[in-house]
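User: Could you walk me through how to read the features of a fold, going from the overall layout down to single residues?

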Amino acid sequence: MNSHTAQVDDLRLVALQSAVNCTDLFVRFQLTEWSLLEMFDDVAAAARDLVQAVVDKTAADAPGFVTVRLRLSGDCLLVEVEDDQVARAHDEAPVVRGRQTGAVPLEGRGKLVWCELPLPPGLTAERVRLPRRDQRRSQVPEHPDGEAPGPDPEVVDRVLVGLQRREW
């Protein structure tokens with residue numbers, strides 16, 4: 001594994017069953033952004049397995065958090081899952097069908113588990129096409145005199161009247 005990271009993105013979730021579905025959506029979005037959608041099945045399965053392992057060991061009345069991270073590094077894509085379950089900090093990494101996995105306890109809070117998936121042949125992290133972002137234009141129209149408009153007085157009046165009627 002090459003330690004140089006070319007691109008990384010993550011998502012923090014509450015460690016409930018819904019986190020597994022959110023993980024699928026996050027993986028699909030990120031792989032689409034990176035033009036690696038052909039890896040979706042393998043990456044999503046690995047991410048689901050890692051997140052499900054955290055969710056299965058989480059108390060439903062105090063679930064904590066789980067962070068799902070995708071990292072492009074060298075000739076592989078790493079799926080990393082961090083949890084904040086101190087009691088489980090020394091558990092081993094879950095088994096992910098035929099993939100290299102690992103677990104690292106985090107100082108004072110939970111652990112990080114990871115799974116390594118190879119990028120398609122001939123592709124390295126540095127060669128993955130990353131999304132291009134155009135500079136966003138301001139949503140506020142420019143005025144010819146150069147001054148920004150103030151708030152609409154009618155809207156301000158309605159807000160103030162509404163606040164006065166509200167019982168706090």
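Analyst: Here is a short tour, from the whole chain to a few chosen residues. Keep in mind that this is a predicted model.

User: Let's start with the layout. How many helices and strands does the chain have, and in what order do they run?

Analyst: Start by listing the elements from the N terminus. Here you get three helices and five strands, and their order is β-α-α-β-β-β-β-α.

User: What share of the residues counts as buried, and what does the surface look like?

Analyst: Of the 168 residues, 35% count as buried. The accessible surface of the chain is about 11300 Å², with 50% of that belonging to carbon and sulfur atoms. For contacts, look at sequence separation: taking pairs at least 6 apart in sequence, 67% join residues at least 24 apart.

User: Now a helix. How does the span of H2 sit against the expected value?

Analyst: The check is end-to-end distance against 1.5 Å a residue. H2 covers residues 40-56, 17 residues in total, and spans 23 Å from first to last C-alpha, close to the expected 24 Å.

User: Which residues of H2 are buried, and what covers them?

Analyst: The buried set includes Phe-40, Val-43, Leu-50, Val-51, Val-54 and Val-55, along with a run of alanines from Ala-44 to Ala-47. Their cover includes helix H1 (18-33) and strands S2 (65-73), S3 (76-83) and S5.

User: Just ahead of H2 there's a loop. Is Met-39 buried or exposed?

Analyst: Use the relative accessible area, where buried means under 20%. Met-39 has 7%, so it is buried, even though it sits in the loop between H1 and H2. Beyond its sequence neighbours, Met-39 contacts Leu-31, Leu-77, Leu-117, Pro-118, Leu-119 and Pro-120. Its C-alpha is 9.4 Å from that of Arg-28, eleven residues away in sequence.

User: And Ser-35: what is its phi?

Analyst: For backbone angles, look at the sign of phi in residues that aren't glycine. Ser-35 has phi near 55°, a positive value. Ser-35 is also in the loop between H1 and H2, and at 33% relative accessibility it is partly exposed.

User: Over to the strands. Where does Leu-112 lie, and what does it touch?

Analyst: Leu-112 belongs to strand S5, residues 111-118. With 15% relative accessibility, Leu-112 counts as buried. Its contacts beyond four places in sequence are Arg-69, Glu-80, Val-81, Glu-82, Gly-102, Ala-103, Val-104 and Leu-106. To see how the chain comes back on itself in space, take one pair: the C-alpha atoms of Leu-112 and Glu-82 are 4.3 Å apart, with their positions 30 residues apart along the chain.

User: Glu-80 is on that list. Which side chain makes a polar contact with Glu-80?

Analyst: That would be Arg-71: the two side chains are joined by a polar contact of 3.0 Å. Arg-71 is in strand S2, and its other contacts include Thr-5, Gln-7, Val-8, Trp-34, Cys-76, Leu-77 and Leu-78.

User: Last one, the surface. Which residues make the nonpolar patch of about 380 Å²?

Analyst: For a patch, look for nonpolar side chains that are accessible and grouped together. Here the members are Val-155, Val-156, Val-159, Leu-160 and Leu-163. Leu-163 is in helix H3, residues 153-165, and its 43% relative accessibility makes it partly exposed.

Note on methods:
Residues numbered from 1 in each chain as written. Predicted model: local features only at pLDDT ≥ 70, side-chain atom pairs only at ≥ 80, totals over all residues. Heavy atoms only, no water. Helix = DSSP H or I, 4+ residues; strand = E, 2+ residues; numbered from the N terminus. Buried < 20%, exposed > 50% of the residue type's maximum accessible area, 1.4 Å probe, protein only. Contact = heavy atoms within 4.5 Å. Expected span 1.5 Å × (residues − 1). Patch = residues over 30% accessible without salt bridge, like charges linked within 9 Å, V, L, I, M, F, W, Y side chains within 5 Å. Areas by Shrake-Rupley, 256 points an atom, 1.4 Å probe, with all protein chains shown as cover. Salt bridge = Lys/Arg side-chain N within 4 Å of Asp/Glu carboxyl O. Polar contact = N/O pair within 3.5 Å; in protein donor to acceptor, adjacent residues only side chain to side chain.
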